[in-house]
Amino acid sequence: MARRKVSAGELQKIKKRREIKERKNKLMAEQEELDDGSIKEYDVCAICDDGGSVTCCDGVCQRAFHLADSDSEDDSEEHDDCREKLGLTLEQAKMIISTEEGFICKNCQYKQHQCFTCGLLGSSDDTSSQPEVFQCEQDDCAHFYHPKCIAQLLYPDSEEAVHFEIEVAAAREKFTCPVHECIVCKSPENKTDKSMQFAVCRRCPTVYHRKCLPSQIIFKSRRGPNGLQRAWEDILPGRVLIFCMKHKIVRELKTPERNHIIFPEANELPVPTTLEGTPMEQDVPEETEAHHEPPSCEETQPPPPAASNQNQCSCSSRPLTFAPSSLYTKPYPGSCGWIDDWD
């Protein structure tokens, strides 16, 4: 595996991420101890939203994924799909799990992360001259946003949004994203009060307190067109996992469509700078370590991407987005034009 030296700033980031992970593990350990003395696992796969045996990414995304086969025959195929979307063979996945050296997903490896509002990939490399997506400043938050997207979320219908967007894009302004306050009462979370615990959507920056949950977001399926379960307890530590009403539930999956995670393609991106002590997913020949720009929209216009390969820039297809197109009237980094043009 390749290793490279890292700067003092990068070492500080590694230390910070490890501290966050240790606090998270401690919280999980305090949540529930099973009858056999083991600790109940609360990590949920970022792809299928299911729990079980998952492996955490050691990068900035703080996500978990199914790498191994499921212990249950009923959903083993479903979890195999998670591993395949990660671009790993079964042998590679077993090696990562058995060595326990750590795992870095492709988003963190290539510093290409999705905006949690529009779903499009953008460069998160803060050492480059022009990063495209920026991370929420809260330590326990791993969500990235385009400057325009976060500006519209925090300052809707306000002239201040334009100034805020410019400041974020220039890295002069940090922000706390909407995931840290209830969308109804605008108050923060209080974990000691069950009614004030958060119910967090897995697909977009929509969060409610338990007491503020809309009646349509139900914990148990019932008859009717909107009778599918949208809320689950005992999956996230001290929180409720939900899919808010903006996302259509697929009855067979019991979740919305699982096309929300986009991974960059290695042959279209610059070779990543690997953090010291963190194994790369693949060895990189010396002659390929030069910087290569990804192809532009003018150079290639591929057909609309499949669900498992949606990171391709496609000017002829509607961009993947989880938010109303009315929010975006101008192009922003990572897009191929005006989203309103697709209506």
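The following exercises, with worked solutions, concern a predicted model.

Residues are numbered from 1 along each chain as its sequence is written, and side-chain values use heavy atoms, with hydrogens and water left out. Local features need pLDDT of at least 70 and side-chain atom pairs count only at pLDDT 80 or more, while totals for chains, interfaces and linings use all residues.

**Exercise 1. Determine how many helices and strands the protein has, and what share of its residues is buried.**

Step 1. The protein has 6 helices and 10 strands; helices (H or I, at least four residues) and strands (E, at least two) are DSSP runs, numbered from the N terminus.

Step 2. Of the 343 residues, 43% count as buried, that is, under 20% relative accessible area with a 1.4 Å probe and protein chains only.

**Exercise 2. Describe the surroundings of Gln 114.**

Step 1. Gln 114 belongs to strand S3 (residues 112–114).

Step 2. Its relative accessible area is 14%, so Gln 114 is buried.

Step 3. Residues touched by Gln 114, not counting those up to four places away in sequence, include Phe 144, His 260 and Ile 262; contact means heavy atoms within 4.5 Å.

Step 4. For His 260, the backbone oxygen lies 2.9 Å from a polar atom of the Gln 114 side chain.

**Exercise 3. Establish how H5 and H6 pack.**

Step 1. The two helices pack at an angle of about 140°, and their axes are 8 Å apart. Axes are lines fitted to C-alpha atoms, for helices over the stretch in contact, and angles run from 0 to 180 degrees between N-to-C directions.

Step 2. H5 and H6 are therefore oblique to each other; angles under 35 degrees count as roughly parallel, over 145 as roughly antiparallel, 65 to 115 as roughly perpendicular and the rest as oblique.

Step 3. Among the residues that meet are Ile 150 and Leu 154 in H5, and Phe 164 and Val 168 in H6.

**Exercise 4. Decide to what extent H5 is enclosed, and relate H5 to the largest nonpolar core.**

Step 1. Because 6 of its 8 residues are buried, H5 is largely enclosed by the rest of the structure.

Step 2. The buried residues of H5 include Cys 149 and Ile 150, and the buried set packs against strand S5 (134–135), S6 and H6.

Step 3. The largest nonpolar core has 24 residues, and Ile 150 and Phe 164 are among those touching the most other members. Such a core is a set of buried Ala, Val, Leu, Ile, Met, Phe, Trp, Tyr and Cys residues joined through side-chain atoms within 4.5 Å. Helix H5 (147–154) and helix H6 (160–169) each supply at least two residues of this core.

Notes:
Buried means under 20% relative accessible area, exposed over 50%, partly exposed in between (1.4 Å probe, protein chains only). A polar contact is a pair of N or O atoms within 3.5 Å; within protein, one must be able to donate a hydrogen and the other to accept it, and residues adjacent in sequence count only if both atoms are side-chain atoms.
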